[in-house]
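Open the model in your viewer and keep the sequence panel visible. The stops below are given in the order in which to select them.

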Amino acid sequence: MPAVTAPAHQKGDCFVDFEEKVFEDVKAESGQKALVKFHTVAFEGSIGFVNLLQATRLQRKGFETSILLYGPGVTLGLQRGFPRLGDESFPGHQNYANQIAKFIEEGGKVYACRFALQALYGHGEPSLLPGIRPISPLDVLDIVLIHQRDNAFIMDTWTL
């Protein structure tokens, strides 16, 4: 049987070259917009949180960035906590709230569909995190069309 002779990995070791960047660091040109659409359930996978980070990165690159929460995506914008709202009952419990707050603080806009909020998930506008703007379900298509008309970069939760 072969013997393993390599030393055990240690804290601080690296498996990859995390400093090399292959592509240019693209920045927005004046007036460029971006829309990140979320049609994913909070805590059902990493894509919702990862794309919140991507939206923040787009904002920092100079894009006028908006987030659209629709369908199950509205669950990312709900206040949570236990035993009280805002309490973090397990590590990462407030990741969505914290990242959305940071995005808004940095100038991003977040919209949530009222239909999904009430009809699908039984919540009202007071359940939304501060700074999220509730919109009519008729606005969901129009915000996409407006961004498309303005040649904005549009990203969905299932694409990058």
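**Stop 1: helix H1 and its end**

Select glycine 62, just after H1, where phi is positive at about 100°. Helices here are DSSP runs of H or I with at least four residues, strands are runs of E with at least two, and both are numbered from the N terminus. This is a predicted model, in which local features need pLDDT of at least 70 and side-chain atom pairs count only at pLDDT 80 or more, while totals for chains, interfaces and linings use all residues. Residues are numbered from 1 along each chain as its sequence is written, and side-chain values use heavy atoms, with hydrogens and water left out.

Now select residues 47–60, which form H1. The helix has 14 residues and reaches 20 Å from its first C-alpha to its last, close to the 20 Å expected at 1.5 Å a residue. That expected span is 1.5 Å times one less than the number of residues.

Which residues of H1 are buried? Colour Gly48, Asn51, Leu52, Ala55, Thr56, Leu58 and Gln59. Buried means under 20% relative accessible area, exposed means over 50%, and partly exposed lies in between (1.4 Å probe, protein chains only). The buried residues cover an arc of only 160° around the axis, which puts them on the same side of H1. The arc is taken from the directions from the helix axis to the C-beta atoms. An α-helix has 3.6 residues a turn, so residues three or four places apart point the same way.

To see what that side packs against, add strand S1 (33–38), strand S2 (64–69), helix H2 (95–105) and strand S5 (153–156).

**Stop 2: H1 against H2**

Two packed helices are described by the angle between their axes and the distance between the axes. For H1 and H2 the angle is about 15° and the axes are 10 Å apart. Axes are lines fitted to C-alpha atoms, for helices over the stretch in contact, and angles run from 0 to 180 degrees between N-to-C directions. H1 and H2 are therefore roughly parallel to each other; angles under 35 degrees count as roughly parallel, over 145 as roughly antiparallel, 65 to 115 as roughly perpendicular and the rest as oblique. The crossing of H1 past H2 is left-handed, a term used if the near helix is turned anticlockwise from the far one by less than a right angle, with clockwise being right-handed.

Show side chains at the interface. On the H1 side, the residues that meet H2 include Phe49, Leu52, Leu53 and Thr56. Their partners in H2 include Tyr96, Gln99, Ile100 and Phe103. Contact means heavy atoms within 4.5 Å.

Centre on glutamine 99, in H2. Is glutamine 99 buried or exposed? Glutamine 99 is buried, with a relative accessible area of 8%. Not counting residues up to four places away in sequence, glutamine 99 touches Phe49, Leu52, Leu53 and Thr56.

Select the buried residues of H2: Tyr96, Ala97, Gln99, Ile100 and Phe103. Their cover includes H1, S2, strand S3 (109–113) and S4. Just after H2, glycine 107 has a positive phi of about 105°.

**Stop 3: the loop between S1 and H1**

Threonine 40 lies in this loop, between S1 and H1, and counts as buried at 14% relative accessibility. Among the residues that threonine 40 touches, leaving out those up to four places away in sequence, are Ile47, Pro72, Leu76 and Thr157.

Move to alanine 42, in the loop between S1 and H1. Alanine 42 is buried at 7% relative accessible area. Beyond its neighbours within four places in sequence, alanine 42 is in contact with Thr75, Leu76, Arg80 and Tyr96. Draw a distance from the C-alpha of alanine 42 to that of glycine 73: the separation is 7.1 Å, for residues 31 apart along the chain.

Phenylalanine 43 has a positive phi of about 70° although it is not a glycine. Phenylalanine 43 is partly exposed, with a relative accessible area of 35%.

**Stop 4: other loops**

Go to proline 83, in the loop between S2 and H2. The peptide bond to proline 83 from phenylalanine 82 is cis, with omega near 5°.

Next, select proline 130, in the loop between helix H3 (114–120) and strand S4 (132–135). Proline 130 counts as exposed at 68% relative accessibility.

Finish at asparagine 151, in the loop between helix H4 (137–149) and S5. Asparagine 151 has a positive phi of about 55° although it is not a glycine, and is exposed, with a relative accessible area of 68%.
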